[in-house]
Amino acid sequence: QVQLVESGGGLVQAGGSLRLSCAASGRTFSSYAMGWFRQAPGKEREFVAALNWSGGSTNYAYSVKGRFTISRDNAKNTMYLQMNSLKPEDTAVYYCAAAKGNSWYTSMWEYDYWGQGTQVTVSS
C-alpha cells in the first residue's frame with residue numbers, strides 16, 4: 001500500500017515558479033511509477049507528467065513540456081514537480097499518483113493510489 005500527500009501549492013503570479021512535493025509512505029515506494037495530474041473546475045482530470053520507478057524515464061504533457069520538471073528521490077520517499085514559467089491556464093488542483101509498474105503512465109485509469117490534491121492558482 002502507498003499513501004500520498006501533496007504540498008507546495010499556492011498563489012503565484014504568471015511567469016513565477018512553484019515546487020510541488022508528494023510525500024509517500026509505503027514499503028515498496030521505489031517499485032512504483034509516479035505521476036502528476038491536474039483538474040480545473042468543470043474540466044476532466046488531465047495528465048501532466050510521469051516517470052518510471054528509477055526516475056530515468058519521463059514523459060510530459062505537451063502543454064507543460066519545457067516548463068515543468070518531474071523528479072523523485074526514492075531515499076526520501078518523495079516526488080517533486082518543479083513548475084516554472086507558470087501560466088493562468090495552469091491553475092488547477094494538482095494530484096500525485098502512484099502506479100504498479102516500472103514504466104510511466106499517462107492515463108489516470110492506470111494509477112492505483114492518489115493524493116488529496118493541492119491547489120495551484122496562477123494570476124495574470
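The exercises below, each with a worked solution, concern a predicted model.

**Exercise 1. The four-stranded sheet**

Work out the order of the strands in the open sheet of four strands, and state which of them are edge strands.

Solution. Begin with the pairings that involve strand S3 (residues 18-25): S1 (residues 3-7) pairs with S3 in the antiparallel sense over five bridges, and S3 pairs with strand S8 (residues 78-83), again in the antiparallel sense, over six bridges. The register between S1 and S3 can then be read from opposed residues, since Gln3 stands opposite Ser25 in S3, and Ser7 stands opposite Ser21 in S3.

Next, follow S3 across to S8, where Arg19 stands opposite Gln82 and Leu20 has Leu81 as its bridge partner. The complete order is S1-S3-S8-S7, with antiparallel pairing in an open sheet. The edge strands are S1 and strand S7 (68-73), each of which pairs on one side only. On average, and with direction ignored, neighbouring strands of this sheet are turned by 15° against each other.

**Exercise 2. The two faces of S1**

Determine which side chains of strand S1 (residues 3-7) point to the buried face and which point to the other.

Solution. Go along the strand residue by residue, and the side chains are found to alternate. Leu4 and Glu6 point to one face and are buried, whereas Gln3, Val5 and Ser7 point to the other face and are not buried.

**Exercise 3. The setting of Arg38**

Decide whether Arg38 counts as buried or exposed, and identify the side chains with which its own side chain makes polar contacts.

Solution. First place the residue: Arg38 is found in strand S4. Its relative accessibility is 5%, and because buried means under 20%, Arg38 counts as buried.

Then look for polar partners of the side chain. A polar contact of 2.7 Å joins Arg38 to the side chain of Glu46, and another, of 2.9 Å, joins the side chain of Arg38 to that of Tyr94. Finally, with neighbours within four places in sequence left aside, the residues in contact with Arg38 include Glu44, Val48, Ser63, Phe68, Asp90 and Val93.

**Exercise 4. Aromatic rings and charges over rings**

Classify the aromatic pair formed by Phe37 and Tyr111, and find which parts of the chain it links.

Solution. A search of the whole structure finds six aromatic pairs. In the pair formed by Phe37 and Tyr111, the ring centres are 5.2 Å apart and the planes stand at 80°; because an angle over 60 degrees counts as edge-to-face, that is the class of this pair. The pair links distant parts of the chain, with Phe37 in strand S4 (residues 32-39) and Tyr111 in the loop between strand S9 (92-100) and strand S10 (113-114), 74 residues apart. Both Phe37 and Tyr111 are buried.

Now extend the view to the surrounding rings: ring pairs link Phe37, Phe47, Tyr105, Tyr111 and Trp114 into a cluster. Over the ring of Trp114 sits the charged end of Arg45, 4.9 Å from the ring centre. A further example involves Arg19, whose charged end sits over the ring of Tyr80, 4.0 Å from its centre.

Definitions and conventions:
Residues are numbered from 1 along each chain as its sequence is written. This is a predicted model: local features need pLDDT of at least 70, side-chain atom pairs count only at pLDDT 80 or more; totals for chains, interfaces and linings use all residues. Side-chain values use heavy atoms; hydrogens and water are left out. Rings of Phe, Tyr and Trp (its six-membered ring) pair if their centres lie within 6.5 Å; planes under 30 degrees apart count as stacked, over 60 as edge-to-face and the rest as tilted. Buried means under 20% relative accessible area, exposed over 50%, partly exposed in between (1.4 Å probe, protein chains only). A charge sits over a ring if NZ of Lys or CZ of Arg is within 6 Å of the ring centre and within 35 degrees of the ring normal. A polar contact is a pair of N or O atoms within 3.5 Å; within protein, one must be able to donate a hydrogen and the other to accept it, and residues adjacent in sequence count only if both atoms are side-chain atoms. Contact means heavy atoms within 4.5 Å. Two strands pair if DSSP finds at least two bridges between them. Axes are lines fitted to C-alpha atoms, for helices over the stretch in contact, and angles run from 0 to 180 degrees between N-to-C directions.
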